[in-house]
Amino acid sequence: MTHSLKDQTVLITGGGSGIGRLLALGAAERGARVMLWDLSAEAAESVREEIVGAGYHAEAYAVDVSDRDAVKAAAKKTGAVDVVINNAGVVTGKNLLDASDEAIERTIRVNTLALFWVTRAFLGDMIMNRRGTVVTISSAAGLVGVAKQTDYSASKFAAFGFAESLRVELSKANTGVNSLVVCPYFISTGMFEGVQTKYPLLLPILTPEYVVQKTLTAIEKGRHQLIMPRFVNFVSPARVLPARWFDKLMNQLGVNNTMDHFVGRAKQVAQKVPTQAATADEPRANRSTRDPETAAAPAPKATSAPRRSWRARVACRRRHLGDLPRHRSSRLRRNHWNRDPARRPSH
Ligand SMILES: NC(=O)c1ccc[n+]([C@@H]2O[C@H](COP(=O)([O-])OP(=O)(O)OC[C@H]3O[C@@H](n4cnc5c(N)ncnc54)[C@H](O)[C@@H]3O)[C@@H](O)[C@H]2O)c1
């Protein structure tokens, strides 16, 4: 069942930064009234100002979604909503024995338990109105366990189970309310600063804009599940393999090395300058952590600029081809460029 966001009230937890902020801006642009919840009052307020400044409606509330009583109190102030986007999340990024008890508990409380408190606060009204969507932002780490993500992956597997159980429960009772689960691979928001991907063509680090556009469209289309990029869909069929082979396959894909250089938000500020100003001189490992589109952005035309890697050139080519499916022949691609020469790669 479709669910246009026009004139709908959309609650976004963790709306103060990253994809939460972009989901809020995107929902507002699609005509929704946006309710922003975030642990940081300042961050939520700044996004509210951004949305209101653009001529749309938004309200901001400082809420710790892992605090059951705080959620109940904030839900009273917020009133009924049509869409709940459970987006707030945290990551520890350490081996099990290196993570503190507090960090592990926080991950489970924010990424998993909060789903219950927030959804329960609004679901009754949605069912009464026979309309609504509950969105759970899980992760590709909710489909496959990853080294250095014991708490995060456990919390996101739980999030996936929560959303799936809710979906069948709501459908069985014919409530008219949908449950959508979103499982993206790494996104370049800074939450996972430092992660690397071995095969950026198969498993690219996603841009927040891409994830947000896909998520909002999935809500409007009434979809139940959104897994990005598509290659991640192969995780489920690969589960027929014995665990040892499955692990070998994931190792081969580099999945268990993605977190080797993770720094996350904690050290991100210190590292931000070199990351943003990354040039062809930066270490190869760092380049693969950046979004292929960013990595492939045309470099300033300096005669001394070193030749870009084949990966960067392939990513650039893909960017220029845009909506043209990759399996199309090169003649079709040439025609595509001829129709719109602006899209032709400059090399
Ligand atoms: N960034 C990625 O690579 C990635 C990949 C897959 C899934 N996800 C998931 O997407 C969601 C958003 O990620 P992001 O990259 O935008 O992260 P982010 O760190 O940019 O944003 C998370 C937001 O949640 C808020 N938050 C944290 N704890 C909270 C709490 N207790 N109560 C209320 N708000 C709280 C933070 O203040 C922040 O504004 C998370 O659930 C994350 O697990 C992220």
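**Entry 1: exposed spots**

A residue is called exposed if 12 or fewer other C-beta atoms lie within 10 Å of its own, and buried if 20 or more do. I noted that rule before anything else, along with a reminder that this is a predicted model.

My first lookup was Asn 174: buried or exposed? I found 8 C-beta neighbours inside 10 Å, so Asn 174 counts as exposed. I placed Asn 174 in the loop between α5 and β6. Its phi is near 50°, a positive value in a residue other than glycine. That caught my eye, because most residues other than glycine have a negative phi.

Next I went to Arg 130. Where does Arg 130 lie? I found Arg 130 in the loop between α4 and β5. Its phi is also positive, near 55°. With 10 C-beta neighbours inside 10 Å, Arg 130 counts as exposed.

**Entry 2: the helix before Arg 130**

Arg 130 comes just after α4, so I looked at that helix next. I checked its length in my notes. Helix α4 covers residues 101-129, which is 29 residues, and at 1.5 Å a residue α4 should span 42 Å. I got 41 Å between its end C-alpha atoms, which agrees.

Where is the kink in α4 centred? I located the kink at Leu 113, with a bend of about 45°.

Then I listed what α4 keeps inside. Its buried residues include Thr 107, Val 110, Asn 111, Ala 114, Leu 115, Val 118, Phe 122 and Met 126. I wanted to know which elements these buried residues pack against. The strands I wrote down are β1 (9-13), β4 (83-86), β5 (132-137) and β6 (177-184). The helices on my list are α3 (68-78) and α5 (150-172).

**Entry 3: one residue in α4**

I picked Ile 104, which sits in helix α4. Ile 104 has 18 C-beta neighbours inside 10 Å, so I filed it as partly exposed. Which residues is Ile 104 in contact with, leaving aside its neighbours within four places in sequence? I got Thr 92, Ala 99 and Asp 151. I also looked up Tyr 152: Ile 104 and Tyr 152 are 48 residues apart in sequence, yet 8.3 Å apart in space, C-alpha to C-alpha.

**Entry 4: a strand pair**

How do β1 and β2 run? I found them parallel, joined by five bridges. One pairing I traced by name: Val 10 has Val 34 as its bridge partner in β2. Five of the six residues of β2 are buried, so I noted β2 as largely enclosed by the rest of the structure.

**Entry 5: around the ligand**

How many residues surround the ligand? I counted 30, and the closest are Gly 14, Gly 18, Gly 89, Thr 189 and Met 191. The elements that give two or more residues to this shell are α1 (18-29) and β2 (33-38). I saw that α1 gives the largest share, three residues. Sorting the shell by class, I got 15 nonpolar, twelve polar and three charged residues.

**Entry 6: an odd peptide bond**

Last lookup: is the peptide bond from Met 228 to Pro 229 cis or trans? I read it as cis, with omega near -10°. I flagged that one because most peptide bonds are trans. Pro 229 is found in the loop between β7 (225-228) and α7 (235-238).

Technical notes
Residues numbered from 1 in each chain as written. Predicted model: local features only at pLDDT ≥ 70, side-chain atom pairs only at ≥ 80, totals over all residues. Helix = DSSP H or I, 4+ residues; strand = E, 2+ residues; numbered from the N terminus. Expected span 1.5 Å × (residues − 1). Bend = angle between axes of the 7 residues up to and from the residue. Contact = placed C-beta atoms within 7 Å. Near = placed C-beta within 6 Å. Nonpolar A, V, L, I, M, F, W, Y, C, P; charged D, E, K, R; others polar. Pairing = 2+ DSSP bridges.
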